Amino acid sequence: MFKVKPLEPDRLPALLRLMPKAELHMHIEGSLEPELVFALAQRNGLVVPYPDVAALRSAYVFDDLQSFLDIYHAGTLVLRTEQDFYDMAHAYLARAAADRVLHAEIFFDTQTHTGHGVSADVVISGLHRACVDARAEFGISTGLILCFLRHLSEHEAFECLEQVLPQRDLLLGVGLASSEFGHPPEKFARVFARARALGFRLVAHAGEEGPPEYIWSALDVLKVERIDHGVQAVKDTALMARLARERIPLTVCPLSNLKLRVFPTLQQHSVRQMLEAGIVATLNSDDPAYFGGYVNENFTQTFKALGLTAQHAWQLASNSFEASFIDDARKRHYLERLQACFETFD
Ligand code: HPA
Ligand code: ZN
């Protein structure tokens, strides 16, 4: 392990902002800022049911995952054209690059959009074009991960998978998102088996609000390589031991957990406990437009609340590259950049 030199606590936020990192858990539809909601609505001749940007932003107060999902899905109604998806993704990638994100694996879904008449092709083409441009403009690399919506049926997930196959080469993997309670991972066993056979990388949201059993079944039934959230694992010591032993990464999203009341305060968040148990945890923004911050805000607020140190910072950034789906040569390159950042920072 790279031994980090001690740092004055007041220098830590600057290091967190400057250090290279990967972001592995963010939903591109969750990066739709209220300003862009209004701009896209106007461009598409639609009416937003709020008088202005401030009123919309002030509606972003949630009791739990479902209350968030209702507003989040309403926001997606303004996304109609390929250019809309391009503009949303380009804005996120510019913002992420400013947070020193070198690599982003981005969730999107098509079921929300096909549900109101926008084709999967329009969604993927716009997102992909933004990824290509962002690589050239900001040097950021990306991968697109299609999330099935777990509140919909297995049959609908199969249909969704079929619809994206013409653009298979533009996609990195598949995941599972939306309302967790009552929709265990095993509902999608056959869809994930098919995606696996097609060569998709596999991830799933599990143990955000749902029980540790959902994490076990995401691993054993869906055969996912990474768990999104997974914070309920702390309730199950055998699971914690397995995650650490098998180096199964968790993509943790502290501000999301705070806003959706998974933890009453950030001081009570379990990520420190996870790191100290040797789990490959990473920090991510989930839905930054809704939860009060992009990835660096997640870092700075969590570090302050939990009293984390420069050594934890190195661990989290290193974990983010290890947990990513980039090849080993590029992982080594990013880790060298991380090490150079720590060695030259003072
Ligand atoms: N959980 C489940 N589904 C989601 C989330 C989340 O945090 N964000 C967007 N879709
Ligand atoms: Zn998520």
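This text walks through a predicted model, from its sheet to its zinc site and then to two helices.

Start with the sheet. Eight strands build it, and the sheet is open. Their order is β1-β2-β3-β4-β5-β6-β7-β8, and the pairing is parallel. β1 (21-27) and β8 stand at the edges. Each has a single partner strand, so one side of each is left without a neighbour in the sheet. Neighbouring strands are turned against each other by 25° on average, direction ignored.

Now look at one pair within the sheet. Strand β2 (residues 101-108) runs parallel to strand β3 (residues 141-149), and six bridges join them. Here H103 stands opposite S141 in β3. A helix also packs on the sheet: α10 (residues 212-220) touches β5 and β6 (226-229). The direction of α10 makes about 170° with that of β5.

Next comes the metal. Which residues coordinate the zinc ion (ligand 2)? There are H25, H27 and H205, each through NE2, and D286 through OD. The distances run from 2.1 to 2.2 Å. In sequence, these donor residues follow the spacing H-x1-H-x177-H-x80-D. H205 lies in strand β5 (residues 201-206), while D286 sits in the loop between β8 (281-283) and α14 (288-291). The pair therefore ties together parts that are 81 residues apart in sequence. H205 and D286 are both buried.

Why is the arrangement around the zinc ion (ligand 2) irregular? The four donor atoms subtend angles of 81 to 174°. Four donors count as tetrahedral if all angles lie between 85 and 135 degrees. For comparison, the ideal angle for four tetrahedral donors is 109.5 degrees.

Turn to helix α16 (residues 310-322). Its 13 residues should span 18 Å at 1.5 Å a residue. The end C-alpha atoms of α16 are 18 Å apart, which agrees. Is this helix enclosed or open to the outside? Of its 13 residues, 10 are buried, so α16 is largely enclosed by the rest of the structure. Among the buried residues are A310, H312, W314, L316 and F321.

One last stop is N298, in helix α15 (residues 295-306). N298 has a relative accessible area of 0%, so this residue is buried. What does N298 contact, leaving aside its neighbours within four places in sequence? Its contacts are C253, P254, L255, L283, N284, S285 and G293.

Conventions. Residues numbered from 1 in each chain as written. Chains lettered and ligands numbered in written order. Predicted model: local features only at pLDDT ≥ 70, side-chain atom pairs only at ≥ 80, totals over all residues. Heavy atoms only, no water. Donors = N, O, S within 2.8 Å, 3.2 Å for Na, K, Ca; no water. Tetrahedral: all angles 85-135°; square planar, octahedral: opposite > 155°, others 65-115°. Helix = DSSP H or I, 4+ residues; strand = E, 2+ residues; numbered from the N terminus. Buried < 20%, exposed > 50% of the residue type's maximum accessible area, 1.4 Å probe, protein only. Pairing = 2+ DSSP bridges. Axes fitted to C-alpha atoms, helices over the stretch in contact; angles between N-to-C directions. Contact = heavy atoms within 4.5 Å. Expected span 1.5 Å × (residues − 1).
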